[in-house]
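Student: I have a structure open in front of me and would like to learn how to read it. Could you walk me through it?

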Amino acid sequence: MGLQDVWGPLIAWYLFLAGVGAGAYLVGVVADYLGERYRPLVKLGIYLGAPLVAIGSLLLLLDLGAPLRAWRGFLRPQSSMISVGIIIISVFIILGAIHIAALLAPRFFPRWQLSGRAQRWLGGINGLFALGTAIYTGLLLGVVKAVPFWNTPMLPLLFLVSALSTGMGAVVLVVGLRRWVTPAAVEAEAGPVTESVHALSRTDIPLIVTEVLVLFFLLFIMAASRSTAAESVRYLVAGGYAVAFWLGVVVVGLLVPVTLEAWSLMQERRLSLERLLDLGVVTGLCLLVGGMILRYAVVAAGASVSLTL
Amino acid sequence: MARYGMVIDLKRCIGCQACTVACKAENFVPPGIKWNRVLDYTTGKYPNVSRHFLPMPCMHCVNAPCVQVCPTGASYKRADGIVLTDYDKCMGCRYCDIACPYDRRYFYEEKVSYFPPGFIPPEEFKSDLLGVKAHQVGTVQKCTFCVHRIDAGIQKGLMPGVDWEASPACVNACPTGARIFGDLDDPDSEVSRLIVSRRGYQLLPELGTEPSVYYLPV
């Protein structure tokens, strides 16, 4: 009784990776729609999307008591949030894999070329499933009546915003890391890369501000709610998870990245490409670590109403 | 059709845990798992303190959250209101375990024996012969209202709640008669009459789960 001990770290990693993958994919698709300016983001986002979600799903599979029966989850799509989620995520992974194959195919088979229009259509449709994946991670916990701290519309919103933000974090991290692997290729498109990193910062700042507000609303209202939800909040902000929450989620996951992003935007052209990309690596890492700890903390702090019996 | 339910008289419960143990023996419940439990807590401030017991089997809710969240259909509800798990269908996601507001579901994580090697683990011992479905590692299990006793009893023309042979083990074991079992749909059954006359109440009614287990106030 008390804090739930049913779902552990594997579920937290799954919720996190599903969010990051969906977010990264959406970054790639949206960049594709915006045209040539953000070309460097398109492939990276799409390459990251499906594999990250697939790794997350694999962790979920490992967490099952009887993984060989996982196919039964497909049989009753109307029954449970999990059934709905399994289908959304499967479609996303399959379409995402097709999208990756379409991007890679011309390298090996020059005649297999999916037109840009067709690719954007594929991205648009699967973008909806990416959105569904990100939202589902929040709804999964949100519909649980027995855990009042999760049972609020703020939770899916928090997870959605965090998914988009950490998705950007993953993309900017890889953009930055590419400089170490293939410096020449990055130098060759210095203009679009700079432009892309700035665009990510410009988009991520309002997202982080939103995330801070949603997190604040969630904690503030829940602290004033039923005693069980208040117990969850107490555990997060002042109890066993206080250090992880304040340092990991708030400072590393939100304040540091938003400061770095704002600073890099204020520097504009004064920042060399190398510095900008290294800054991106740090920002991306912070966003990812913070997003992971956020999932972990929210899952761990789920106090069941059975506590009040 | 009957709808089976239980009434627990908190005035009579002495917290002896006979129900907990009887349940374990009857259903071969593995170590670390209690299909039935008795919460034991105190309220008030010294010197005005009082001690309370709250026996908790599965509530066999009419609107069972565990059945609603089950993605495979392993958790299901019989026409007579008894909520069960089909171990053969359970994939062990534990969503039901999370969703149960009464914390009455248990994940059977690994096989641990009560006794040192060389003994037959009680949870395997003739369990099929006695009608209790063999537990499966990696699935979620819970109180069944001793459905095997009820079904076998009805076949013999006995009445669950009235005849010993057709009643749950915890009801039979209670030394003070604090547990009464019967048909909630029958207004003349003892459970129905007690709920009306003694103002029986359900746990966490605000969640709308509509439990089939009622408590009589102290």
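## Reading the two chains

Tutor: Gladly! Let's start with secondary structure: chain A has 10 helices and 0 strands. Read from the N terminus, its elements go α-α-α-α-α-α-α-α-α-α. Do keep in mind that this is a predicted model.

Student: Then how is the model scored?

Tutor: Look at the scores for the whole model, then at those for a chain. Here the model has ipTM 0.89 and pTM 0.93. For chain B, the mean pLDDT is 92, with 96% of its residues at 70 or more.

Student: What does the radius of gyration of chain A tell me?

Tutor: The idea is to set the value beside the one expected for a compact globule with that many residues. For 309 residues the expectation is near 19 Å, and chain A has 20 Å, so the two agree. The C-alpha trace of chain A spans about 65 × 50 × 25 Å along its principal axes.

Student: What share of chain A is buried?

Tutor: Burial is judged by counting C-beta neighbours, with 20 or more within 10 Å as the cut-off. In chain A, 50% of the 309 residues are buried. You can also ask how far apart in sequence the contacting residues are: of the contacts in chain A between residues at least 6 apart, 80% join residues at least 24 apart.

Student: How do I describe two helices that pack together?

Tutor: Give the angle, the distance between axes and the handedness, then list who touches whom. In chain A, helix H5 (residues 154-181) packs against helix H10 (residues 273-300) at an angle of about 145°, and their axes are 7 Å apart. The crossing of H5(A) and H10(A) is left-handed. Residues making this contact include A:Gly169, A:Ala170 and A:Gly176 of H5(A), along with A:Gly280, A:Gly284 and A:Leu288 of H10(A). Sorted by class, the contact has 11 nonpolar, 9 polar and 3 charged residues.

Student: And how many residues does each chain bring to the contact between A and B?

Tutor: Chain A gives 26 residues and chain B gives 28 residues. On the chain A side, these divide into 14 nonpolar, 8 polar and 4 charged.

Student: Let's turn to chain B. Which residues of helix H1 are buried there?

Tutor: For a helix, find the buried residues, then see what covers them. In H1 (residues 18-27) of chain B, the buried ones are B:Cys19, B:Thr20, B:Cys23, B:Lys24, B:Glu26 and B:Asn27. Their cover includes strands E2 (37-45), E3 (48-56) and E8 (179-183) as well as helix H5 (169-173) of chain B. Just after H1(B) comes B:Phe28, with a positive phi near 55°.

Student: Where else does chain B have a positive phi?

Tutor: Check the residues other than glycine, and note where each one sits. B:His60 has phi near 45° and lies in the loop between E3 and helix H2 (65-69) of chain B. Another case is B:Cys146, with phi about 50°, in the loop between strand E7 (140-141) and helix H4 (147-155) of chain B.

Student: Why do B:His60 and B:Cys146 count as buried?

Tutor: Apply the neighbour count again. B:His60 counts as buried because it has 27 C-beta neighbours inside 10 Å. B:Cys146 is buried because 28 other C-beta atoms lie within 10 Å.

Student: Which residues does the cis peptide bond join?

Tutor: Omega is the angle to read. The cis bond joins B:Tyr46 and B:Pro47, with omega about 5°. B:Pro47 belongs to the loop between E2 and E3 of chain B.

Notes
Residues are numbered from 1 along each chain as its sequence is written. Chains are lettered from A and ligands numbered from 1 in the order in which they are written. This is a predicted model: local features need pLDDT of at least 70, side-chain atom pairs count only at pLDDT 80 or more; totals for chains, interfaces and linings use all residues. Two residues are in contact if their C-beta atoms, placed from the backbone, lie within 7 Å. Ala, Val, Leu, Ile, Met, Phe, Trp, Tyr, Cys and Pro count as nonpolar, Asp, Glu, Lys and Arg as charged, and the others, Gly among them, as polar. Helices (H or I, at least four residues) and strands (E, at least two) are DSSP runs, numbered from the N terminus. The radius of gyration is taken over C-alpha atoms; the globule rule is 2.2 Å times the number of residues to the power 0.38. A residue is buried if 20 or more other C-beta atoms lie within 10 Å of its own, exposed if 12 or fewer, and partly exposed in between; C-beta atoms are placed from the backbone. Axes are lines fitted to C-alpha atoms, for helices over the stretch in contact, and angles run from 0 to 180 degrees between N-to-C directions. A crossing is left-handed if the near helix is turned anticlockwise from the far one by less than a right angle, and right-handed if clockwise. pLDDT is the predictor's confidence in each residue, from 0 to 100.
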